[in-house]
Amino acid sequence: MIPLLRYRFALLLRSHRWLPPVLLYAALLAVGVQSGGPILDSYGVAAFGLLPLAAWLCRICVTGEPPAARSCTAAAAGPGKAHFAAVLTGSLSAAGLALVGTAYVSLVADPHASDHRTAVPVLAAACAGLLAGLVCVLLGTAVGALCNWPVLRSTGWSIVSGLLAALLLLIGSASPANAAVSGLVTGSAHGTVTLPWLPLLAGLLIAGAATALACRLSSRRI
């Protein structure tokens, strides 16, 4: 798996297709995370942008090879394993940006609640913000796995379905991503920190099931 991941990361970096999503996420942090803003609200903004970012990066990774090259990789490593490496590359890239976003918020945000008087423990807030970000990364990975090849072959349908799925997961009341981000916002209003363990578990299960389905289909649609 390590050689496959190296190959996938090399493809991602050399393609420069990662620049638009990364720059958009950087712009979101620059605009949405104001210096001196409440720390938990700022973590909510940082986590919010990670879901479409992860979906976009996964799309880049699973569609980054020409069909002939994809067939060669599948023949050498197995189609399911090759596709899993592509999805994992996108997910790990987004998780790395989640760490960057968490560090940035920790540096510029005010460690107080929305009233700017109630102190919020920085370490606990950082853990909650990172976990919420990882929930969004996992659900974005699920979107990227299900809304692209091999599940959907049409580029148009892939993009439209990916955007709609990301939007629904962000605003849907039953979504683990919505629950994780809402927990940060609610905690900021009351000055309390709650770690989103249940949304994280749900995100792991959803991302795992979506990736397993995509990897299974990849062996049939080379």
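The largest cavity has a volume of about 80 Å³. A cavity here is a set of points, on a 1 Å grid over the protein atoms alone, where a 1.4 Å probe fits but cannot get out. The volume is the space filled by probe spheres set on the points, which are joined across faces, edges and corners. This is a predicted model: local features need pLDDT of at least 70, side-chain atom pairs count only at pLDDT 80 or more, and totals for chains, interfaces and linings use all residues. Residues are numbered from 1 along each chain as its sequence is written, and side-chain values use heavy atoms, without hydrogens and water.

Thirteen is the count of lining residues to start from: of these 13, Arg8, Arg70, Ala82, His83 and Trp149 are closest to the centre of the largest cavity. Lining residues have an atom within 4 Å of a point. Helices H4 (50–62), H5 (67–77) and H6 each supply at least two of them. H6 has the largest share, 4 residues. Helices are DSSP runs (H or I, at least four residues), numbered from the N terminus. The lining holds 8 nonpolar, 2 polar and 3 charged residues. Ala, Val, Leu, Ile, Met, Phe, Trp, Tyr, Cys and Pro count as nonpolar, Asp, Glu, Lys and Arg as charged, and the others, Gly among them, as polar.

H6 (residues 79–108) also packs on H7 (residues 122–146), at about 155° and with the axes 9 Å apart. Axes are lines fitted to C-alpha atoms over the stretch in contact, and angles run from 0 to 180 degrees between N-to-C directions. The pair is therefore roughly antiparallel (over 145 degrees). Contact (heavy atoms within 4.5 Å) involves, among others, Ala94, Ala98 and Thr102 of H6 and Gly129, Leu130 and Leu134 of H7. The contact residues comprise 9 nonpolar, 5 polar and no charged.

The second largest cavity has about 40 Å³ of space. Its lining includes Tyr25, Tyr43, Ala98, Thr102 and Gly129. H3 (39–48), H6 and H7 each give two or more residues to this lining. No charged residue lines the second largest cavity; 6 are nonpolar and 4 polar.

Last comes the largest pocket, of about 250 Å³. A pocket is an open set with protein on both sides within 12 Å along at least five of seven lines. Trp56, Arg59, Ile159, Gly162 and Leu163 lie nearest its centre. H8 (155–171) contributes to this lining alongside H4 and H7, and H8 gives the most, 5 residues.

Conventions: Angles under 35 degrees count as roughly parallel, over 145 as roughly antiparallel, 65 to 115 as roughly perpendicular and the rest as oblique.
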